[in-house]
Structure formats: structure tokens, C-alpha cells
Amino acid sequence: MEKRFFNDKVILHCDVNNFYASVECASKPELKGKPVAVSGNPKTRTGIILAKNDVAKSQGVKTGESIYEAKQKCPSLICLPPHFKLYEKISNQIISIYYNYTDTVESFGIDECWLDVTGSVNLFGSGKKIADSIRKEVLEKVGVTISVGVSFSKLFAKLGSDLKKPFATTVISRENFKEIVYPLPVNAVIGIGNRTLKKLEKMNILTLGDYVKIPDSILKKKFNIVALQLKQKLLGEFDEQVVDNSLRPEVKSVGNGTTTITDITKREDVFSLVQFLSEKISKRLSDKNLVGCAVHVSLKTTGFERFRKSQTFLFDISRAENIANCAMEIIDSFWNYTLPLRSVRLSVRNLKSASSPKQVSIFDEKLGKKESFSRTIKAIKERFGEGSIELASVLKSKFINKDGE
């Protein structure tokens with residue numbers, strides 16, 4: 001029987017096992033028992049494994065490796081393209097089941113959620129009973145399996161759902177959390193990235209038990225306040241609240257990125273790609289009635305090195321032309337166009353309602369005509385489809401993956 005300490009919450013973390021691949025298998029009964037992976041398209045250089053089912057996993061297939069590598073291990077692997085609208089639909093169905101047990105559900109990506117079921121234990125039983133009921137209901141109604149962590153904190157609940165897969169419930173309580181958590185490697189929890197991991201390894205900090213022994217002064221000096229908060233969480237002294245989806249803050253950025261079909265080095269080619277992405281971002285901003293005043297650029301080379309830079313501007317940004325020009329101003333400030341690029345991502349940040357008072361660039365004398373032009377382009381695309389009209393530079397390009405993200 002679960003033992004609850006005074007004022008402790010009961011929090012679940014529900015994680016759909018192999019989400020993309022599981023949804024594909026659930027929607028196609030003929031795939032049962034076969035090795036299945038959801039992957040990109042090798043012809044457009046996005047040919048990597050995005051997700052795999054347990055059958056493929058048992059044969060060594062790994063997320064992130066190329067399709068070629070995966071099929072060397074598993075020649076019978078069935079690779080399917082992603083169907084994101086279907087995944088979103090299934091995700092919503094699963095979340096609706098969660099809401100049958102609590103009114104506090106916080107999404108963490110499309111396939112993971114935290115649930116605060118503190119107020120539900122008197123109605124449905126212990127946290128473990130609720131977790132087992134949810135697992136059973138999701139399997140029966142949706143056809144996919146989930147793993148659930150049960151704990152008094154979000155951190156340990158998330159860790160619990162990772163420890164046993166697939167289709168399992170793991171309880172991490174006040175009584176057993178040190179026994180379960182502290183022997184684990186230091187990067188077993190969210191919050192420890194590769195850079196931090198390397199620093200910790202140099203300090204001979206290898207397990208989470210080692211981590212909690214680091215003096216606060218050293219954590220502050222060598223890392224930051226987040227590192228200290230992580231220690232407090234691991235000691236069971238501090239954790240965030242589960243925030244229901246309806247109360248989450250508004251979107252902070254709107255972006256789009258793509259992997260190129262061939263390497264690009266010329267400025268004009270980068271500009272064409274930036275124009276293509278800016279059109280997509282502009283449409284999303286318009287759909288959400290948003291404008292921003294900052295642009296973020298992320299470039300990835302063929303050697304998988306990533307370079308990032310952001311800049312804030314003194315005027316509102318929402319039109320494709322403005323986004324593209326601002327992005328190129330940023331890129332020109334730090335990029336010399338010598339290393340070949342394989343992907344580019346842009347985003348507009350510092351968002352606000354487009355209905356708010358506008359800050360207009362003093363150099364934008366033809367604003368009215370440009371906005372009218374942008375509205376006309378948008379109207380054509382809404383009526384005749386996204387591909388009905390494009391910039392000439394985009395149409396001529398042979399390297400742009402038109403699917404974007």
C-alpha cells in the first residue's frame with residue numbers, strides 16, 4: 001500500500017511508448033509483429049529513424065540513425081513516412097482520457113504528460129491504481145501502450161516512466177526514492193545536458209547520488225541556479241507544480257526550418273532558403289494574429305556543427321520580407337559562407353498581438369503597399385493552396401526541401 005507524507009502531491013508522468021511507430025502499428029493491423037520505423041525521406045537527406053517499435057528495437061534499430069544503418073541491422077524493417085496530423089489526433093484522444101481522472105494535465109511534447117491526481121485518490125484509489133487504470137483504458141480505446149511514473153514530484157514521476165518500458169507503472173515514493181534514484185547515472189534526469197555532463201565527469205560526479213553531495217557553493221560557482229534547484233529536487237525538497245494545459249503561457253516564438261537536399265554555401269542560395277522559410281513563418285504569425293521584434297537564426301553544417309544568433313529590432317516583424325531581411329542581416333554578421341550548410345532554422349520571438357500599437361521602421365516608407373502585397377499573396381495561397389504562388393527565387397531553387405517542417 002502506498003504511503004503518503006503530509007502535504008505530498010500524487011503526480012503521474014504518462015509516456016506513450018514509441019509514439020509515432022505505435023500509432024502507425026495501431027492504425028495498420030497488418031503490421032503486427034513486424035519491425036516498423038517512422039523515418040524521413042532518404043532522397044531529401046532527412047532519411048533518419050524518427051521512431052521504431054519494440055520489434056525493430058530488439059533487432060538493434062536506434063532512433064536518430066540513418067535508414068541505411070537501420071536496414072543493415074534489420075533488412076526486413078518497414079519504414080513509413082510520418083503522419084503528423086494523425087499523431088496529433090491520437091494525442092488529443094489520449095489526453096481526453098487523462099482528463100477523466102483529473103482536471104490538471106500538463107503536456108510535455110506530443111506523447112508525454114504530467115497529471116496531478118492528488119485530489120482524485122479518494123475517488124479512484126492510490127496513484128498506482130490510477131496509473132494502472134489509465135494504462136488499461138488507453139490500450140483498450142486507442143490501441144497503444146503507455147508507461148507511467150508515480151511520485152510526489154514531477155522530476156521523479158518523469159524518471160519513473162523512463163525506468164520501465166513498455167506498458168509499466170513505476171512508483172518512486174518518499175520511502176524509496178534514494179534507493180531507486182541515487183545509483184542512476186547523472187544524466188538520467190532532464191536538466192543535465194552534454195556540456196554539464198562533461199564538467200561533472202571531470203569532477204568525478206558519475207551518479208545522481210554523487211550530484212546531491214556537491215556543496216551548494218560549488219554548484220553556484222561552476223554552474224548556475226538551475227543546477228542548485230536540480231539538487232533540491234533530487235533531495236525531495238523542491239519541485240514545480242503541474243500546470244494545466246489551459247493555463248500554460250502563450251506561444252513565445254514562431255519558427256520553421258528545413259534540411260537542404262544538397263549542401264549550400266553561396267549567399268544567394270542561403271537567401272532563397274531564408275525567403276522560403278520566412279513565407280511559412282509569416283503565414284503562421286498572421287494566422288495567430290501575432291507580430292514579434294526579434295529574430296533567431298540557427299545554422300547546421302554538414303559536419304553537424306550548429307551555430308546560433310539572435311537579434312532584437314526596433315520595429316514589429318511579421319511580413320515575410322521583413323523576416324527574411326532581418327534574418328540575412330543576422331547571418332551576414334557572423335557567417336562567411338565557406339562551410340557547407342545542411343539545414344537552416346528561423347524563428348520570430350518577443351511576440352505580441354498584432355492589434356497592439358505598432359512600432360514601424362523609419363526606413364519602411366512603402367509599408368502600406370508591402371502589407372497589401374503580403375495580404376494578396378496570403379489570399380491566393382488560402383484559396384488555391386500553399387504551392388499556388390511562390391517567389392521566383394524559391395521556384396528556381398534545386399536544393400530546398402519544400403516540405404519544410
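## Helix α6 and the α1–α4 contact

Helix α6 is followed by Gly143, a residue whose phi is positive, near 90°. The model described here is predicted.

The helix that precedes this glycine, α6, comprises the 16 residues 127-142; at 1.5 Å a residue it should span 22 Å, and its end C-alpha atoms are indeed 22 Å apart, so expectation and model agree. Buried positions in α6 are Gly127, Ile130, Ala131, Ile134, Arg135, Glu137, Val138 and Val142. Two charged side chains, Arg135 and Glu137, are included in that buried set. An α-helix has 3.6 residues a turn, so residues three or four places apart point the same way.

A second element of interest is the packing of helix α1, residues 19-27, against helix α4, residues 84-98: the angle is about 90° and the axes lie 10 Å apart. Because angles of 65 to 115 degrees count as roughly perpendicular, α1 is roughly perpendicular to α4. The residues that form this contact are listed below by helix.

| Helix | Residues in the contact |
|---|---|
| α1 | Phe19, Tyr20, Val23, Glu24, Ser27 |
| α4 | Phe84, Leu86, Tyr87, Ile90, Ser91, Ile94 |

By class, the residues of the contact comprise eight nonpolar, two polar and one charged.

These helices belong to a chain with 16 helices and 13 strands. Of its 405 residues, 44% count as buried. The chain exposes about 21,900 Å², of which carbon and sulfur atoms supply 53%. Among contacts between residues at least 6 apart in sequence, 64% join residues at least 24 apart.

Key
Residues are numbered from 1 along each chain as its sequence is written. This is a predicted model: local features need pLDDT of at least 70, side-chain atom pairs count only at pLDDT 80 or more; totals for chains, interfaces and linings use all residues. Side-chain values use heavy atoms; hydrogens and water are left out. Helices (H or I, at least four residues) and strands (E, at least two) are DSSP runs, numbered from the N terminus. The expected span of a helix is 1.5 Å times one less than its number of residues. Buried means under 20% relative accessible area, exposed over 50%, partly exposed in between (1.4 Å probe, protein chains only). Axes are lines fitted to C-alpha atoms, for helices over the stretch in contact, and angles run from 0 to 180 degrees between N-to-C directions. Angles under 35 degrees count as roughly parallel, over 145 as roughly antiparallel, 65 to 115 as roughly perpendicular and the rest as oblique. Contact means heavy atoms within 4.5 Å. Accessible areas come from the Shrake-Rupley method with a 1.4 Å probe; for residues, only the protein chains shown count as cover.
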